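Me: I am new to this model and should be grateful for a close look at one part of it. Please begin with the chain as a whole and then turn to that part.

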Amino acid sequence: MKVLAFAASSSSNSMNKKLATYAANLIPNATVEVLDINDYEMPIFSEDREKELGQPQEAKDFYQKLGNADAIVISYAEHNGSYTAAFKNLFDWTSRIDMKVYQNKPMLALATSPGPGGAKTVLTSATNSAPHFAAKLVGSFSLPSFYDNFDLEKGEIRDTELRNTLIELTKKF
Ligand SMILES: Cc1cc2nc3c(=O)[nH]c(=O)nc-3n(C[C@H](O)[C@H](O)[C@H](O)COP(=O)(O)O)c2cc1C
């Protein structure tokens, strides 16, 4: 199974990228590709820019990457209770190619942050809207207090209960 994993973050040292990579590699029989949304950076979306530029190649390429995958793992970073501007911009451009951005793929939605909230607010937004954008959610998982709960050296969740919860979700693909 071809699994596309990425963080909805443009941070070069993204904790969400670490979580997405870890989770994707837990999926049985997965061949994992980790994408960096920085490779799809575009001007800030506006309808005026769209008239001027049409559909940028980066948006087409991102849409195709999603389409070529058998399964998708996204970990959402939370900025001020919502999506990062970098991800929202990419999403907005891509949604103009096709509102069904996730193309009926099975998807695991994750989120983490340094605080105890574990980016749950953005995760709730993402999971609530997922069906609207044709994502077949297999589950969602928020990892609170990333630096306490994720072992950076081993690249895995330290807490047994949290780790087992995520492992169970990865079996649902
Ligand atoms: C502008 C800004 C706003 C943030 N807002 C939130 C927030 O609302 N909730 C939260 O849990 N963390 C917030 N954070 C902290 C991020 O969770 C933290 O920077 C985290 O590393 C982002 O994930 P990433 O490493 O995958 O980019 C914010 C950080 C920035 C820079």
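Among contacts in the chain between residues at least 6 apart in sequence, what percentage join residues at least 24 apart? With that settled, please describe closely the open sheet of five strands.

Reply: The model is a predicted one, in which local features need pLDDT of at least 70 and side-chain atom pairs count only at pLDDT 80 or more, while totals for chains, interfaces and linings use all residues. Residues are numbered from 1 along each chain, in the order in which its sequence is written.

The percentage is 75%: that share of the contacts between residues at least 6 apart joins residues at least 24 apart in sequence. A contact here requires two C-beta atoms, placed from the backbone, to lie within 7 Å. The chain has 173 residues, of which 39% are buried; a residue is buried with 20 or more other C-beta atoms within 10 Å of its own, exposed with 12 or fewer, and partly exposed in between, the C-beta atoms being placed from the backbone. The C-alpha trace spans about 50 × 35 × 30 Å along its principal axes.

Seven helices and seven strands are present in the chain; these are DSSP runs numbered from the N terminus, of at least four residues for helices (H or I) and at least two for strands (E). Along the sequence they follow the pattern β-α-β-α-α-β-α-β-α-β-α-β-β-α.

The open sheet takes five strands in the order 2-1-3-4-5, with parallel pairing, where two strands pair if DSSP finds at least two bridges between them. Its edges are strand 2 (31–35) and strand 5 (135–143), each of which pairs on one side only. From one strand to the next, the twist averages 20°.

At one end of this order, strand 1 and strand 2 run parallel and are joined by five bridges. Ala5 stands opposite Val34 of strand 2. Six of the seven residues of strand 1 are buried, so strand 1 is largely enclosed by the rest of the structure. At the other end, strand 4 (residues 105–112) pairs with strand 5 over eight bridges, again in the parallel sense. Leu110 has Phe141 of strand 5 as its bridge partner. In a regular strand, side chains point alternately to the two faces of the sheet.

Helix 3 (residues 57–68) lies across strand 1 (2–8), strand 2, strand 3 (71–76) and strand 4, and runs at about 135° to strand 1. Such angles run from 0 to 180 degrees between N-to-C directions of lines fitted to C-alpha atoms, for helices over the stretch in contact.

The loops that follow three of these strands each hold a residue worth locating. Asn13 belongs to the loop between strand 1 and helix 1 (15–26). Asn13 is exposed because 7 other C-beta atoms lie within 10 Å. Thr84 is 71 residues from Asn13 in sequence, and the two are 15 Å apart, C-alpha to C-alpha.

Most residues other than glycine have a negative phi. Ala119, in the loop between strand 4 and helix 5 (120–129), has a positive phi of about 60° although it is not a glycine. Ala119 counts as buried because it has 28 C-beta neighbours inside 10 Å. Ser145, in the loop between strand 5 and helix 6 (146–149), also has a positive phi, near 40°. With 15 C-beta neighbours inside 10 Å, Ser145 counts as partly exposed.
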